[in-house]
Amino acid sequence: MIVLPATLKTITAMLIFGSIGLFVRHIDLASSQIALVRGFIGAIILLFAMLFLKKSLNLLAWRKNALILFISGGAIGLNWIFLFEAYHYTTIAVATLTYYLAPTIVVLASPIFLKERFTLLKLFCVILSLIGMILIADIFTGLNSDFGNMKGVIYGIIAAAFYACVIISNKFLKDISSMDSTIAQLLLASIILLPYVFYENNSWSVDISSLLLLLTVGAIHTGFAYLLYFSSLQKLSAQTVALFSYIDPVTAVILSTVLLAEPMSFMQWIGAILILGSLFISQIFASKNA
């Protein structure tokens, strides 16, 4: 059993999530193939963890939430595909930061789907994050660098839209644990992606390096990281978990700029601050009003 303190578990999980781009970038497979394997391996590891912890799946809860789990599972798979594609066309930092527009999309969609009130503060945060996205995309300089092209930015935004779909759909889940819903969604993501992967007809031939990286993404970045994350949720406040989540994009930015020497202009740094700052402000005020 994992006996690390809850805060250390969450921090470790976020550091692992933030490093996934480095691994995906060097796997010689299509993004859909990586997503399929990631979901399958991650689900298997979580299933074994439940057996080890002597817990059982709540299949009745699965059946009651079948439609929502199917929608969110499909959205997870598509979210991964577009995020992994973004890694190949732009820097890991830019891909991750555009991906973190998901909470902004949720704010814009919540009055429609969740009947939540759209306040002036939310509008301010949305405007900040959108300005940040424009600066991150480097639109004003024409995206001339090899890394900062528009295709990667667009893929990152599409990934964010699908992740927003995951966030919203999970709000409609009833009487099901986080572990149960995660296992179901990972399995469904793989099952839904399976026909598409075979339709693409890409080769599964990979070298040892790509195979080891793929196994790492499935076992460590999905199964192990999710296990750490969910085993700490009940011991930490929602605000603490939300604040720790900023470790993920910050880690991605640091690894991208320091280890890989991927360029970020001054305006892109400003954009990063605006995106993360808007999310931080929104979270702080939401916790005060909770």
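**Entry 1: Ser278**

I started with Ser278, which I found in helix H14. The model is a predicted one, and I kept that in mind throughout. Is Ser278 buried or exposed? I get a relative accessible area of 1%, so Ser278 is buried. Next I looked at what surrounds Ser278. Leaving out residues up to four places away in sequence, Ser278 touches Cys125, Leu128, Ser129 and Ile273. I also checked the side chain of Ser278 for polar partners. One of its polar atoms lies 2.7 Å from the backbone oxygen of Ile275.

**Entry 2: salt bridges**

How many salt bridges does a search of the whole structure find? I got two. One of them joins the side chains of Glu262 and Arg25, at 2.8 Å from N to O. I then asked where these two sit in the chain. Glu262 is in the loop between helix H13 (247-259) and helix H14 (266-289), while Arg25 is in the loop between helix H2 (20-24) and helix H3 (31-52), so the bridge ties together parts that are 237 residues apart in sequence. I noted that Glu262 is buried, at a relative accessible area of 3%.

There is also a salt bridge between Lys122 and Glu116, and here the closest N and O atoms are 3.9 Å apart. I looked up the accessibility of both partners. Lys122 is partly exposed, with a relative accessible area of 23%. Glu116 is partly exposed too, with 35%.

**Entry 3: aromatic pairs**

Searching the whole structure for aromatic pairs gave me nine. I picked out Phe17 and Tyr226: their ring centres are 5.5 Å apart and their planes stand at 75°, which is over the 60 degrees needed, so I wrote the pair down as edge-to-face. The two rings come from distant parts of the chain, with Phe17 in helix H1 (residues 6-18) and Tyr226 in helix H11 (residues 208-233), 209 residues apart. Phe17 counts as buried at 14% relative accessibility, and Tyr226 is buried at 17%.

My other pick was Tyr99 with Tyr163. Their centres are 5.5 Å apart and their planes at 35°, so this pair is tilted. Tyr99 belongs to helix H6 and Tyr163 to helix H9 (residues 150-170), so the pair ties together parts 64 residues apart in sequence. Buried or partly exposed, I asked of Tyr163? At 33% relative accessibility, Tyr163 counts as partly exposed, whereas Tyr99 counts as buried at 13%.

**Entry 4: back to Tyr226**

I wanted to see who else is around Tyr226. Ring pairs link Phe17, Tyr226, Tyr229 and Phe230 into a cluster. Setting aside neighbours within four places in sequence, I found Tyr226 in contact with Phe17, Arg38, Leu46, Trp80, Thr182, Leu186 and His221. Two of those contacts, Arg38 and Trp80, also have something going on between them: the charged end of Arg38 sits over the Trp80 ring, 4.3 Å from its centre. I checked Ser19 as well, and the C-alpha atoms of Tyr226 and Ser19 are 14 Å apart in space, with their positions 207 residues apart in sequence.

**Entry 5: the nonpolar core**

Which residues touch the most other members of the largest nonpolar core? Among its 69 residues, I found that they are Phe84, Tyr87 and Leu97. The most is given to this core by helix H5 (residues 66-89), with ten residues. Apart from it I found another core of five residues, including Ala109, Leu114, Ala164 and Ile168. I jotted down a general point here: in soluble globular proteins, nonpolar side chains tend to be buried together.

I followed up on Tyr87. Not counting residues up to four places away in sequence, Tyr87 touches Ile20, Gly21, Val24, Arg25, Ile92, Ala95 and Thr96. Arg25 was already in my notes, as the salt-bridge partner of Glu262.

**Entry 6: helix H6**

Last, I looked at helix H6 (residues 92-99). Why call this helix largely enclosed by the rest of the structure? Because eight of its eight residues are buried. I listed the buried residues of H6: Ile92, Ala93, Val94, Ala95, Thr96, Leu97, Thr98 and Tyr99. Some names had come up before: Ile92, Ala95 and Thr96 touch Tyr87, and Tyr99 pairs with Tyr163.

Conventions:
Residues numbered from 1 in each chain as written. Predicted model: local features only at pLDDT ≥ 70, side-chain atom pairs only at ≥ 80, totals over all residues. Heavy atoms only, no water. Core = buried A, V, L, I, M, F, W, Y, C linked by side-chain atoms within 4.5 Å. Buried < 20%, exposed > 50% of the residue type's maximum accessible area, 1.4 Å probe, protein only. Helix = DSSP H or I, 4+ residues; strand = E, 2+ residues; numbered from the N terminus. Contact = heavy atoms within 4.5 Å. Salt bridge = Lys/Arg side-chain N within 4 Å of Asp/Glu carboxyl O. Phe/Tyr/Trp six-rings, centres within 6.5 Å; stacked < 30°, edge-to-face > 60°. Lys NZ or Arg CZ within 6 Å of the ring centre and 35° of its normal. Polar contact = N/O pair within 3.5 Å; in protein donor to acceptor, adjacent residues only side chain to side chain.
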